[in-house]
Amino acid sequence: QVQLVESGGGLVQAGGSLRLSCTASGTIFSINSMGWYRQAPGKQRELVAARTRDGSTNYADSVKGRFTLSRDNAKKTVYLQMNSLKPEDTAVYYCNAVVLTNPWTTGDYWGQGTQVTVSS
């Protein structure tokens, strides 16, 4: 089993910053990718930022230039630095990881979500 635990969400004013973190644990042979998604009520879950297989990072157009994804392989942790937050960023943010639990088994895992609320 693989667990993803997020932290760092909270309530901030517009223009403020938050840093989300996600740590993977459990039966992990290797991690192919880690990233962040978000979901607001009544809306589909959308990509925020994720590493691609070539090592680059894809960002949603709405967050590009404001959010930064980083990863600490040794700690099995991914971070999302969110600056210049807007009320439109309010959502539950979910960590995602594509994990090899052994050399021949790949799984797509999700964290429990952390609430980010941006007030005006």
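## Exercises: salt bridges, a disulfide and a buried leucine

Glu46 is partly exposed, with a relative accessible area of 30%; the cut-offs here are buried under 20%, exposed over 50% and partly exposed in between, using a 1.4 Å probe and protein chains only. Before you dig in: this is a predicted model, so local features need pLDDT of at least 70 and side-chain atom pairs count only at pLDDT 80 or more, while totals for chains, interfaces and linings use all residues. Residues are numbered from 1 along each chain as its sequence is written, and side-chain values use heavy atoms, with hydrogens and water left out.

**Exercise 1.** Work out which residues the salt bridges join into one network.

*Solution.*

1. Start with the rule: a salt bridge is a side-chain nitrogen of Lys or Arg within 4 Å of a carboxyl oxygen of Asp or Glu. The count by this rule is three.
2. Take Glu46 and look for its partner. That's Arg38, with the closest N and O atoms 2.8 Å apart. Arg38 is buried, at a relative accessible area of 6%.
3. Now follow Arg38 onwards. Its side chain also meets that of Asp89 in a salt bridge, 3.0 Å from N to O. Arg38 sits in strand S4 (residues 30-39) and Asp89 in the loop between S8 and S9, so this pair ties together parts 51 residues apart in sequence. Strands and helices here are DSSP runs numbered from the N terminus (strands: E, at least two residues; helices: H or I, at least four).
4. Check Asp89 itself: with 2% relative accessibility, Asp89 counts as buried.
5. Asp89 has a salt bridge with Arg66 too, at 2.8 Å from N to O. Arg66 is in the loop between strands S6 (57-59) and S7 (67-72), so its pairing with Asp89 links parts 23 residues apart in sequence. Arg66 is buried as well, at 12%.
6. Put the shared partners together and you get one network of Arg38, Glu46, Arg66 and Asp89.

**Exercise 2.** Find the disulfide and say which strands it ties together.

*Solution.*

1. Look for cysteine sulfur atoms within 2.5 Å of each other, which is what a disulfide means here. The structure holds one.
2. The pair is Cys22 and Cys95, 2.1 Å from S to S.
3. For the handedness, check the torsion about the S-S bond: about -80°, so the disulfide is left-handed.
4. Next, place the ends. Cys22 is in strand S3 (residues 18-26) and Cys95 in strand S9 (residues 91-102), so the pair ties together parts that are 73 residues apart in sequence. Both cysteines are buried.
5. Finally, see what flanks Cys22. Strands count as paired if DSSP finds at least two bridges between them. S3 pairs antiparallel with strand S1 (residues 2-7) over six bridges, and Glu6 has Cys22 as its bridge partner. Six bridges also join S3 to the antiparallel strand S8 (residues 77-82), where Val78 is the partner of Cys22.

**Exercise 3.** Describe the surroundings of Leu80.

*Solution.*

1. Locate Leu80: strand S8.
2. Check its accessibility: Leu80 is buried, with a relative accessible area of 0%.
3. List the contacts (heavy atoms within 4.5 Å), leaving aside neighbours within four places in sequence. Among them are Leu18, Leu20, Trp36, Val48, Phe67 and Tyr93.
4. For a distance check, take Thr117, 37 residues from Leu80 along the chain: the two C-alpha atoms are separated by 15 Å.

Definitions and conventions
Contact means heavy atoms within 4.5 Å.
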